[in-house]
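Let's take a walk through this one together. Have the viewer open and follow along as we go.

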2 protein chains.
Amino acid sequence: MAQPLDTIIIGAGTAGLAALREVRKRTDRYLIVNEGPWGTTCARVGCMPSKALIEAANAFHRRHTFEAFGLRGASALTADLPSVLQRVRALRDDFVAGALKATHELGNNKVSGRATLLGPRSVDIDGTAYATRSIIIATGSRPRVPEAWLAFGDRMLTTDTLFEQPTLGPRIAVIGMGPIGVELSQALARLGLQVAAFTTGHTLAGLSDPTLNAELAALLKQDMVLHMGAEAQLREVPGGIEVASGANRVVVDQVIAAMGRVPNIEHLGLETLGVPLDARGLPTVDPQTQQIGNLPVFLAGDANTHTPLLHEAADEGHIAGLNALAPNPTRFRRRTLLSIVFADPNVAVVGPRVADMDAHSTVTGTASYTNQGRARTAQRNHGRLCVYADHASGRLLGAELCTPDGEHLAHLLALAVQQQLTVHDLLGMPFYHPTLEEGLRTALRDAARQLPHTHASDLAACPALGVPALD
Amino acid sequence: MAQPLDTIIIGAGTAGLAALREVRKRTDRYLIVNEGPWGTTCARVGCMPSKALIEAANAFHRRHTFEAFGLRGASALTADLPSVLQRVRALRDDFVAGALKATHELGNNKVSGRATLLGPRSVDIDGTAYATRSIIIATGSRPRVPEAWLAFGDRMLTTDTLFEQPTLGPRIAVIGMGPIGVELSQALARLGLQVAAFTTGHTLAGLSDPTLNAELAALLKQDMVLHMGAEAQLREVPGGIEVASGANRVVVDQVIAAMGRVPNIEHLGLETLGVPLDARGLPTVDPQTQQIGNLPVFLAGDANTHTPLLHEAADEGHIAGLNALAPNPTRFRRRTLLSIVFADPNVAVVGPRVADMDAHSTVTGTASYTNQGRARTAQRNHGRLCVYADHASGRLLGAELCTPDGEHLAHLLALAVQQQLTVHDLLGMPFYHPTLEEGLRTALRDAARQLPHTHASDLAACPALGVPALD
């Protein structure tokens, strides 16, 4: 056997490509192995095609505001679903081409095939064993579909197949109302499909604040039928697939399973590493080094199920790439948690969920957007925002929200949490008029009123304004 | 003469009402005097009606994306301009009613009439002299129109009269391309008017960065005819008003003067204060106390021409209200400068303008939105963003931008400048995918590459990523 490689990257998705960027800077004794189509989950079947679909859906939905704006002729507008999906694919192809550039000129460092670990320093690739000083596992994830439902064949859709359809519906069920279920069900409903959505739980889009969940449920019900709190059962009936949930029954043409994702680890041989594996077959991964135990093996991206988000997968890939080639792994501080769901209004969670905070030491500031000035001028006056602050220090701990342009408010709040700013620090920034940020200010003022007065010591003269005195 | 009042507030606009909030908490021996209609410039003729118009215009303009999205029937859409303007007025009336609530139940503390100073402790109100311990001047501003142009009668419009028109055009000229001129000219053009816009200068919407000015000019020219760099001359011709600027000539039905605003101080008697007045007739006002000299007289809001923006006027009103009743004035630190122009793409300036920065100690990071992923999915891929950082410290000094949803990016950048964050601090925050904030990250990375490596000392392992190492 030849001299060992420096590393083998298994998987060429977002995490694998991020690792590749670091690895290429340091060595050319590496392989990147990919099974199945090259191109990231994000570009092929995730973030990008879903956003292309959502933008078309929201552009079309906006016609309901036209008459009130003084714009005529909205009733003539129609959504040509095959064309909408065709554009989604065209744009998707372009984003995939962008992702493929990263591996385009790798030559012999790039291998298409199945990789299986033979141990912490050896990988089998389609029958050939390679010795390596380290291994980076970045095999990603795929949509979870109950085994029995596969019997419905091509009427059982996931994000892997949805965007490939020439057309859809007209009756469609979405099972699971996490981030992906909420985004897709609303977009498809707004494009004219009859959508029935189902979730076993009582929370939507990853929100944990009950007030926000109730508001979001009411908003989603304007576009679709939504059943919460009971498991969905599927069976073949004349004319379609019947979805039953509690006392509710609906017959549809297609079903989208949006029930989360499972890591791609079946054929990986993780059992050869000699470390304990959990019920899902996964080893423990240190989120600050991406290392598995003390082995020269690193796991990054969706495959580790920590936080299946692109920007986290990219960070994990970089960390794994750096640490796989370093004599000793570096520990990295991870960014403030941020998740965004591109529903309308946008949904976001910044920092830990409020459900995971200590209720006794936390104050909640809230603001409704129903009567918010700028939102009214745009006919986008829906939703609500909550900020959570530490009662003792006034520090902003996190936020949950469901507001117009909430994706942007969430970034501002994530910066504030990351920088450990207080509610009064935030009140000291400029809030332009008229903007949606003024709604955030309302929530911050609501929180400030509940904080001990001492936090406003330098603002005592003018706490509502948040203008710090110079002296 | 009776015992003196504690204060007299002259003007019941945004600044006067902010002062009123502070004054009412501390005394009932005050008057608030207003000449002409009650209700703020913002609600009556400023921020709110313009935003209502802009939202209608942009909703209509969006039809040009429909065919590419796969949506049919856009050619049937029309803008019913009289209805658009009627909605603007209906919404405006509602916002004015909200502003009037602040003075609704003031009883005898509220006076409609003209106030004229008789000195630093005495005010004449329609013939009656009042002694007072302090005076708060908040008389606001009005659009500037050259005297000679008033001859064009009701065809010469300003923001004071524009929204009152039953309809407009079809041919309209906008003179002046600062924030208001840019907003109105684009909105009216997008609602179907033939707009010709003129500006004597070479900058638009308050931008000072030449690259951004060039991009914005090119974008605005998609909607209208734009002539820059020569003064506009108006004359009556058969069939309308001819606007001549350099070699360019155009005949229009109406002209909007958007040439800035002048303070309302003519009848105020500022000369009785015994302090020097500048060429415009204004005394020097301390921007941290709002005080005029050492007098018990305070000037707040547009009338002082520092920064004619609502959030600054409100701050100044609060400061004036606090200081008018305090034994000694408190000095307040003012917020980071932020100005936003609600063009599409949005325009914003955060912190000092780049033209006012020291070019030798400043690095510029820039990013185009023409090929930005999320912007492409939404067909909003236009514009550019520039961040400016101090070369020695890496601190973010400011930003100028012209991007989709720029109003939100500008708030995030304003928070960063206010908190004195560095480019690397910002790169350490989460950037969700796919968002327009990723374009900002591109600009930040561009700036980071130009900074001395020492600023990235704690990120040495991974500067592009901005993940700070734990140890």
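Start at A:Glu183, which touches A:Ser50, A:Lys51, A:Ile54, A:Ile340, A:Val341, A:Phe342 and A:Ala343, once residues up to four places away in sequence are set aside. Bear in mind that you're looking at a predicted model. A:Glu183 sits in helix 7 of chain A. Is A:Glu183 buried or exposed? Its relative accessibility comes to 7%, and since anything under 20% goes down as buried, A:Glu183 counts as buried.

Why pick that residue? UniProt, in an unreviewed entry, gives it the feature "binding site", along with A:Gly176, A:Met177, A:Gly178, A:Pro179, A:Ile180, A:Gly181, A:Val182 and A:Gly260. These positions are spread over 85 residues of sequence, yet they cluster in space, with a largest C-alpha distance of 13.3 Å.

Now hop over to A:Met177, another member of that group. You'll find A:Met177 in the loop that links strand 12 (171-175) to helix 7 (179-190) of chain A. With a relative accessible area of 2%, A:Met177 is buried too. What is A:Met177 in contact with, leaving aside its neighbours within four places in sequence? The list runs through A:Val182, A:Ser185, A:Ala197, A:Phe198, A:Thr199, A:Thr203, A:Leu204, A:Ala205, A:Leu220, A:Met224 and A:Leu226. One of these, A:Val182, also carries the UniProt "binding site" feature.

UniProt's unreviewed entry has a further "binding site" listing: A:Lys51, A:Thr139, A:Gly140, A:Ser141 and A:Asp302. Here the picture is spread out: the residues span 252 positions in sequence and the farthest two C-alpha atoms are 23.4 Å apart, so they do not all gather at one spot. A:Lys51 should ring a bell, as it's one of the residues that A:Glu183 touches. A:Thr139, for its part, lies in the loop between strand 9 (135-137) and strand 10 (141-143) of chain A. Beyond its neighbours within four places in sequence, A:Thr139 is in contact with A:Ile10, A:Asn264, A:Ile265, A:Leu268 and A:Ala303.

Next, a bit of sheet. Chain A has an open sheet of three strands in the order 6-7-8, with antiparallel pairing. Strand 6 (115-119) and strand 8 (128-131) of chain A are at the edges with a single partner strand each, so one side of each has no neighbour in the sheet. On average, neighbouring strands of this sheet are turned by 30 degrees against each other, direction ignored. Zoom in on strand 6 and strand 7 (residues 122-125) of chain A: they run antiparallel and are joined by four bridges. Within that pairing, A:Leu117 has A:Val123 in strand 7 as its bridge partner.

Over in chain B there's an open sheet of three strands as well, order 6-7-8, paired antiparallel. Its edge strands are strand 6 (115-119) and strand 8 (128-131) of chain B, each pairing on one side only, and the twist averages 30 degrees from one strand to the next. Four bridges pair strand 6 with strand 7 (residues 122-125) of chain B in the antiparallel sense. For a landmark, look at B:Thr116, which stands opposite B:Asp124 in strand 7.

Finally, zoom out to where the chains meet. In total, 90 residues of chain A are in contact with 90 residues of chain B. About 8,100 Å² is buried between the two, and carbon and sulfur atoms give 63% of that. How many salt bridges are there between chain A and chain B? The count is eight. If you'd like a side-chain pair to inspect, A:Asp80 and B:Arg72 meet in a salt bridge at 3.0 Å, N to O.

Methods: Residues numbered from 1 in each chain as written. Chains lettered and ligands numbered in written order. Predicted model: local features only at pLDDT ≥ 70, side-chain atom pairs only at ≥ 80, totals over all residues. Heavy atoms only, no water. UniProt positions renumbered as here; feature names shortened; annotations may be inferred. Helix = DSSP H or I, 4+ residues; strand = E, 2+ residues; numbered from the N terminus. Buried < 20%, exposed > 50% of the residue type's maximum accessible area, 1.4 Å probe, protein only. Contact = heavy atoms within 4.5 Å. Pairing = 2+ DSSP bridges. Axes fitted to C-alpha atoms, helices over the stretch in contact; angles between N-to-C directions. Buried area = accessible area lost by both parts, 1.4 Å probe. Salt bridge = Lys/Arg side-chain N within 4 Å of Asp/Glu carboxyl O.
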